[in-house]
Amino acid sequence: MHIAVVGLSHRTAPVEVREKLSISEQSMEKSLKSLRDNEQVLEVSILSTCNRLEIYILLRHPDLGLEAVREFLMAYSGLEEEHLIPHLFTYNQEEAVAHLMKVAAGLDSLVLGEGQILSQVKKMLRLGQEHQSMGPILNRLLTQAVSTGKRVRSETNLGTGAVSISSAAVELAQLKLGQSQGKDQLVSLEPEVVAVVGAGRMSRLLLQHLQSKGCSGLTLINRTRERAESLASDFPDLDVDCRLLDELDNCLSSCSLVFTSTAADTPIIDRSRLKNLSLTSLRLIDIGVPRNIAADVDGVSGVESHDVDDLQEVVSRNQEARQKVALEAEGLLQEEGRLFLEWWDSLEAVPTINQLRATLEAIRSEELQKALSRMGPDFSARERKVVEALSKGIINKILHTPVTQLRAPQARSERKEALRVVETLFKLSLPNDGK
Ligand SMILES: NC(=O)c1ccc[n+]([C@@H]2O[C@H](COP(=O)([O-])OP(=O)(O)OC[C@H]3O[C@@H](n4cnc5c(N)ncnc54)[C@H](OP(=O)(O)O)[C@@H]3O)[C@@H](O)[C@H]2O)c1
């Protein structure tokens, strides 16, 4: 069996490719099923976030199975081979395990150490379980990844500082405002007239960071009023004016800084919308993936627009310091990856152990019957039970040491050799489905 991950991320693909491969929770069951239906695929789970789509997969044979995953990605995105394949990465076996540990720890994130990725890995685990696309191996791998993410955040300094895509978006606004004033530094957002479109998790983080960077009030626009009001009520010190989406044009006309973070599938702001408004200076920062702001707004007079990929500019300013902190987590990631691989390797011994048990059990049962029939009717039921328990006890004692030995952590080659010896000595015949 073969573990692999095939995917793309902010490191390998621009947002215009990533947004075509964003799999919503509603489409997850269908996508998992279509992958699972392939006979090469034994187990599968999908991680879909704004910055990555990764398919973790347990395959019978790597070549045929990986091709099936690439075909799925092409069909789902509607992209031609030459526009998709160059953006995909594939990691196999130990590298796939190490990659997942790194992702769960936030070390592969655009904003190094951000916390949202851990809940997204937990969601991948939950959806895989709910839709029964995973078996024991991916279940164990993902559970181990979640525990790695938790450990990194509690045992290293990586989790401190509350960084996220939203905090980077607010910093980008500060940087751009500073640059417009001729300063290459982050400046206060106090003079800005701010709006946030969307009232979900990322908008909550936007409000937190905006408040901490000097913003005292803003307009919060959402599809439904209830959610906007509920979010606003959690910020009693921020003057939040809640509006519905149909007031977006008014808001765009009166604001100088607008963040968009909705989960809409298609853009909610585009050139045709903006060109009917009289705009003098509007900065748009879109953290939605798929994008909430269409690419065609570029060049609209009075408008400057940024998407998630533009966050790179602000992220790279802080990256050096965080890279040093990230090094603290390396040992921990290796340890967690090794624990999973040891467990997975030990599974290789299971068919041999089962066969060995079955062989010895057949001998025990046959010899017991012979002995009992020789003893004749003089033996009471109680005495027969004692003899049976004695025979079982002897077999269990004999098996205990070799079974423990075969399961124990060891080099793959050593385990293979030990299994071969046991299979030869006891003439065990096993189907060949090895890793
Ligand atoms: N979660 C992350 O770590 C993360 C990181 C970076 C970027 N992003 C991106 O940020 C966006 C928001 O993510 P989130 O985690 O905050 O989502 P979320 O908590 O699920 O909130 C979704 C928000 O989008 C609104 N919405 C959904 N469909 C809409 C539509 N068709 N038209 C207008 N509004 C709609 C919802 O409005 P209602 O309240 O009316 O339902 C809600 O305000 C997504 O594009 C995501 O990819 C997320």
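Begin by selecting strand S3 (residues 52–59) together with S2: the two run antiparallel and are joined by eight bridges. The model on display is a predicted one. Strand S2 spans residues 41–49, and two residues lie between S2 and S3 in the hairpin that they form. To see the register of this pairing, display Leu47, which stands opposite Glu54 in S3. Colouring by burial is useful here, as eight of the nine residues of S2 are buried.

Next, add strand S1 (residues 2–9), which pairs with S3 in the antiparallel sense, again over eight bridges. Ser9 may be shown here, with Arg52 of S3 opposite. Now widen the selection to the open sheet of four strands, whose order is S2-S3-S1-S4 and whose pairing is antiparallel. At its edges are S2 and strand S4 (89–92), each of which pairs on one side only. From one strand to the next, the twist averages 15°.

Two helices that pack on this sheet should be selected in turn. Helix H2 (residues 25–36) touches S2 and S3, and its direction makes about 145° with that of S2. Helix H7 (residues 136–155) also touches S2 and S3, but its direction makes about 30° with that of S2.

Proceed to the second sheet. Select strand S5 (residues 194–197) and strand S6 (residues 217–222), which pair in the parallel sense over three bridges. Within this pair, Val196 stands opposite Leu220 in S6. Extending the selection reveals an open sheet of six strands in the order S7-S6-S5-S8-S9-S10, with parallel pairing. Its edge strands are S7 (239–244) and S10 (303–306), and each pairs on one side only. The twist here averages 20° from one strand to the next. Then display helix H8 (residues 165–180), which packs on the sheet and touches strand S8 (257–260), strand S9 (282–286) and S10. The direction of H8 makes about 155° with that of S9.

Turn now to the ligand. Which residues come nearest to the ligand? Of the 21 residues around the ligand, these are Cys50, Gln116, Gly200, Arg223 and Ala264. Select helix H9 (residues 201–212) as well, since this helix gives the most to the shell, with three residues. Colouring the shell by residue type shows nine nonpolar, nine polar and three charged residues.

Finally, view the whole chain by domain. The assignment gives domain 1 (2–159), domain 2 (165–306) and domain 3 (349–425). A distance drawn between the C-alpha centres of domain 1 and domain 3 comes to 42 Å.

How values were computed
Residues numbered from 1 in each chain as written. Predicted model: local features only at pLDDT ≥ 70, side-chain atom pairs only at ≥ 80, totals over all residues. Domains from an automatic or database assignment. Near = placed C-beta within 6 Å. Nonpolar A, V, L, I, M, F, W, Y, C, P; charged D, E, K, R; others polar. Pairing = 2+ DSSP bridges. Axes fitted to C-alpha atoms, helices over the stretch in contact; angles between N-to-C directions. Contact = placed C-beta atoms within 7 Å. Buried ≥ 20, exposed ≤ 12 C-beta atoms within 10 Å, placed from the backbone.
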